[in-house]
2 protein chains.
Amino acid sequence: MSISDDSLLLKNQVCFPLYAASRILIQAYREPLEELGLTYPQYLVMLILWEKDGLTVSQIGEKLFLDSGTLTPVLKRLEANNFIKRNRSDKDERKVEIELTYPGKSLQAKATPIPEKIHSLLNQWEEGELSLFKIQVNKLIETLKH
Amino acid sequence: MSISDDSLLLKNQVCFPLYAASRILIQAYREPLEELGLTYPQYLVMLILWEKDGLTVSQIGEKLFLDSGTLTPVLKRLEANNFIKRNRSDKDERKVEIELTYPGKSLQAKATPIPEKIHSLLNQWEEGELSLFKIQVNKLIETLKH
DNA sequence: CTAAATTTAATTGTTTACAATTTAAAGCCG
DNA sequence: CGGCTTTAAATTGTAAACAATTAAATTTAG
């Protein structure tokens with residue numbers, strides 16, 4: 001290197017490994033999700049709605065750190081596939097409430113094996129190591145999100 | 001939840017926090033990189049070339065876990081901004097070699113403060129904690145990349 | 001040597017991300 | 001009440017990601 005600073009080396013950064021790891025892991029979801037007719041971001045929206053139905057676009061956005069510019073098209077595709085309905089709120093017409101359809105609710109049962117499949121890819125990891133790692137990643141989000 | 005399985009909860013997953021953390025951290029690069037006229041993926045390509053110039057598209061792709069479908073447009077934009085040149089190899093005309101231009105090389109000096117800026121966002125992290133975390137993320141990539 | 005297989009980039013089409021702007025509704029304040 | 005600000009979602013435009021296919025050069029087998 002002409003400039004003597006190792007911090008510009010890819011391997012010494014935090015962000016690149018995170019970026020690569022998240023993409024590679026999302027790839028692992030592709031095949032099982034394809035059987036449900038979902039992409040990974042669509043799956044995340046469904047996870048949230050299975051947990052609590054009827055949230056607004058921005059409530060979903062807060063949980064996923066995504067804005068309406070990203071979510072609106074995702075939600076429209078979920079609606080086109082008949083997994084959700086988008087309804088303007090009666091109380092506040094600025095808000096759009098997202099509700100699961102019957103097929104959307106039914107999909108949850110088909111999704112239950114997925115976390116186990118993904119988890120099995122990490123079988124060389126000790127359980128404690130993995131939980132610690134999750135804690136660290138979540139801590140990183142907390143550090144950065146403001 | 002109608003189905004009793006906590007593994008479908010967002011907070012219990014590994015992938016979502018990784019995905020969120022990487023996006024939030026990439027956001028932090030946006031402003032400093034904008035001054036250099038680079039996006040984050042473009043910056044990654046430049047980091048690689050600053051380390052070793054003249055690599056082919058697929059050699060860069062191996063390091064970034066990206067294929068030509070993603071890289072070709074990124075490289076074309078870098079070329080349009082006069083940071084790199086794309087040349088068909090003489091020895092093997094299937095290959096395209098990527099070389100830094102003079103402006104591309106000069107950019108490295110302007111990029112040196114960036115890792116420190118990003119690192120300063122993580123000042124609540126102990127140095128040892130951070131290096132351990134990096135090791136873990138890299139280990140995750142090794143676990144998954146095949 | 002030559003036809004088939006492989007490799008390398010590029011292309012095509014779909015789906016995110018995300019900044020910036022727009023539109024419309026709701027809240028606020030004199 | 002009536003303008004002013006704020007909020008919520010959608011829209012617009014740009015740039016990734018990535019699967020699948022294509023095109024061209026190289027390698028391999030017979």
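This note walks through a predicted model of protein chains with two DNA strands, beginning with chain A and then turning to the DNA.

1. **The annotated span.** The unreviewed UniProt entry places the feature "domain: HTH marR-type" at residues 11-142 of chain A. In the model this span is 68% helix and 8% strand, and its end C-alpha atoms lie 24 Å apart.

2. **Helix 1 of chain A.** This helix covers residues 15-36, and its 22 residues should span 32 Å at 1.5 Å a residue, which agrees with the 31 Å between its end C-alpha atoms. The helix nevertheless bends by about 40° at R30(A), with a proline, P32(A), following within four residues. After the helix comes G37(A), whose phi is positive, near 75°.

3. **A salt bridge within that helix.** R30(A) also forms a salt bridge with E34(A), in which the closest N and O atoms are 3.1 Å apart. Because the two residues, E34(A) and R30(A), are 4 residues apart in helix 1 of chain A, about one helical turn separates them. Over all chains, a search of the whole structure finds 10 salt bridges.

4. **Surroundings of DNA strand D.** This strand is surrounded by 28 residues, of which the closest are Y19(A), S58(A), T72(A), K76(A) and R86(A). Sugar or phosphate accounts for 79% of the strand D atoms within 4 Å of the protein, while the rest belong to bases. By class, the surface near strand D has 12 charged, 10 polar and 6 nonpolar residues.

5. **Phosphate contacts of DNA strand D.** Polar side-chain atoms of Q27(A) and of R77(B) each lie 2.8 Å from a phosphate oxygen of strand D, and an N or O atom in the side chain of Q42(B) is also 2.8 Å from a phosphate oxygen of that strand. The elements giving two or more residues to this surface are helix 1, helix 3, helix 4 and strand 1 of chain A, together with helix 2 and helix 4 of chain B.

6. **Surroundings of DNA strand C.** Here 28 residues surround the strand, and the closest are T39(A), Y19(B), S68(B), K76(B) and R86(B). Of the strand C atoms that come within 4 Å of the protein, 79% are sugar and phosphate. At least two residues of this surface come from each of helix 2 and helix 4 of chain A and helix 1, helix 3, helix 4 and strand 1 of chain B.

7. **Base and phosphate contacts of DNA strand C.** A polar side-chain atom of S68(B) lies 2.7 Å from a base nitrogen of strand C, whereas R86(B) places a polar side-chain atom 2.6 Å from a phosphate oxygen. An N or O atom in the side chain of S58(B) is 2.8 Å from a phosphate oxygen of strand C.

Methods:
Residues numbered from 1 in each chain as written. Chains lettered and ligands numbered in written order. Predicted model: local features only at pLDDT ≥ 70, side-chain atom pairs only at ≥ 80, totals over all residues. Heavy atoms only, no water. UniProt positions renumbered as here; feature names shortened; annotations may be inferred. Expected span 1.5 Å × (residues − 1). Bend = angle between axes of the 7 residues up to and from the residue. Near = heavy atom within 4 Å. Polar contact = N/O pair within 3.5 Å; in protein donor to acceptor, adjacent residues only side chain to side chain. Nonpolar A, V, L, I, M, F, W, Y, C, P; charged D, E, K, R; others polar. Salt bridge = Lys/Arg side-chain N within 4 Å of Asp/Glu carboxyl O.
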